[in-house]
Amino acid sequence: MKYSEEVAKKLNALLEKNYDSEKGYLLAAEKVKDQDLKLFFNQRAKERYDFGHELKDEIRKFREAPDPGTSLKSDIFRGWMNIKSLVSSDNVATFLKEVLRGEIAATDEYNEILQDRTIPPSTGNILIKHRNSITAALSQLKSLLESKS
């Protein structure tokens, strides 16, 4: 596999994670009644939408094609969350815990790719910006979880 394909493959993995996160946040915003949480989830969805476009642009710089859509795993997860929201009396805490879990996984994925020394510095800077924003959201999520539990 040539260098540009390898980098694009890694960036496409992050792109898929951002698609998944955007859709998950939109689902959470739709399901919660708390207006502060709704705002937080919608802001994170918009942020992930923006991250996706930045990643697509970066992939194209390597003359590769961005992958469309979300992962099957996340589609199954969202279906589970829809069902769980119907039977759960405490879906705020459930959503916050699941979103927190997803954000930790996203941070780990960004960190793993950032450890790859073959990633160009310009691409690394974009990934660092994304990871730092996700880390800040994690702090907010932890505070929200403490206040809502």
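Biologist: In this predicted model, are Y25 and F41 buried or exposed?
Modeller: The cut-off for buried is under 20% relative accessible area. Y25 falls in that class, and so does F41. For Y25 and F41, the word is buried.

Biologist: How many aromatic pairs does a search of the whole structure find?
Modeller: A pair of aromatic rings is described by the distance of the centres and the angle of the planes. The search covers the whole structure, and the number of aromatic pairs is 4.

Biologist: What kind of aromatic pair do Y3 and F62 form?
Modeller: Their ring centres are 6.3 Å apart, and the planes meet at 65°. An angle over 60 degrees counts as edge-to-face. So the Y3 and F62 pair takes its class from the angle: edge-to-face.

Biologist: How many residues apart are Y3 and F62?
Modeller: Y3 belongs to helix α1, residues 3–31. F62 is in the loop between α2 (35–61) and α3 (72–87). The pair therefore links distant parts of the chain, and the separation is 59 residues.

Biologist: Which counts as buried, Y3 or F62?
Modeller: Buried needs under 20% relative accessible area. Y3 has 39%, so Y3 is partly exposed. F62 has 14%, so the buried residue is F62.

Biologist: What is the angle between the planes of Y25 and F41?
Modeller: These two rings form a tilted pair. Their centres are 5.9 Å apart. The angle between the planes is 35°.

Biologist: Which helices hold Y25 and F41?
Modeller: The two residues are 16 apart in sequence, so their pair ties together separate parts. Y25 lies in helix α1 and F41 in helix α2. The helices are α1 and α2.

Biologist: Which residues form one aromatic cluster?
Modeller: Y25 and F41 are both members. F40 belongs to that cluster as well. The full cluster is Y25, F40 and F41.

Biologist: Which residues is R44 in contact with, leaving aside its neighbours within four places in sequence?
Modeller: R44 lies in helix α2. Its relative accessibility is 11%, so R44 counts as buried. Beyond those neighbours, the contacts are Y25, A137 and Q140.

Biologist: Which residue forms a salt bridge with R44?
Modeller: The partner is also in helix α2, 3 residues away, or about one helical turn. The partner is buried too, with a relative accessible area of 12%. The closest N and O atoms are 3.3 Å apart, and the residue is E47.

Biologist: How far apart are the closest N and O atoms of D116 and K10?
Modeller: Side chains of opposite charge can pair when their charged atoms come close. A salt bridge needs a nitrogen and a carboxyl oxygen within 4 Å. D116 and K10 form such a bridge, with a distance of 2.0 Å.

Biologist: Where does D116 lie?
Modeller: K10 is in helix α1, and D116 is 106 residues apart from K10 in sequence, so their pair ties together separate parts. K10 is partly exposed at 26%. D116 is buried at 17%. D116 lies in the loop between α4 (91–114) and α5 (121–148).

Biologist: What is the N to O distance between R48 and E103?
Modeller: R48 is buried, with a relative accessible area of 1%. E103 is buried as well, at 2%. Their side chains meet in a salt bridge, and the distance is 2.6 Å.

Biologist: Which helices does the pair of R48 and E103 link?
Modeller: The pair joins distant parts of the chain, 55 residues apart. R48 is in one helix and E103 in another: α2 and α4.

Technical notes:
Residues are numbered from 1 along each chain as its sequence is written. This is a predicted model: local features need pLDDT of at least 70, side-chain atom pairs count only at pLDDT 80 or more; totals for chains, interfaces and linings use all residues. Side-chain values use heavy atoms; hydrogens and water are left out. Rings of Phe, Tyr and Trp (its six-membered ring) pair if their centres lie within 6.5 Å; planes under 30 degrees apart count as stacked, over 60 as edge-to-face and the rest as tilted. Helices (H or I, at least four residues) and strands (E, at least two) are DSSP runs, numbered from the N terminus. Buried means under 20% relative accessible area, exposed over 50%, partly exposed in between (1.4 Å probe, protein chains only). Contact means heavy atoms within 4.5 Å.
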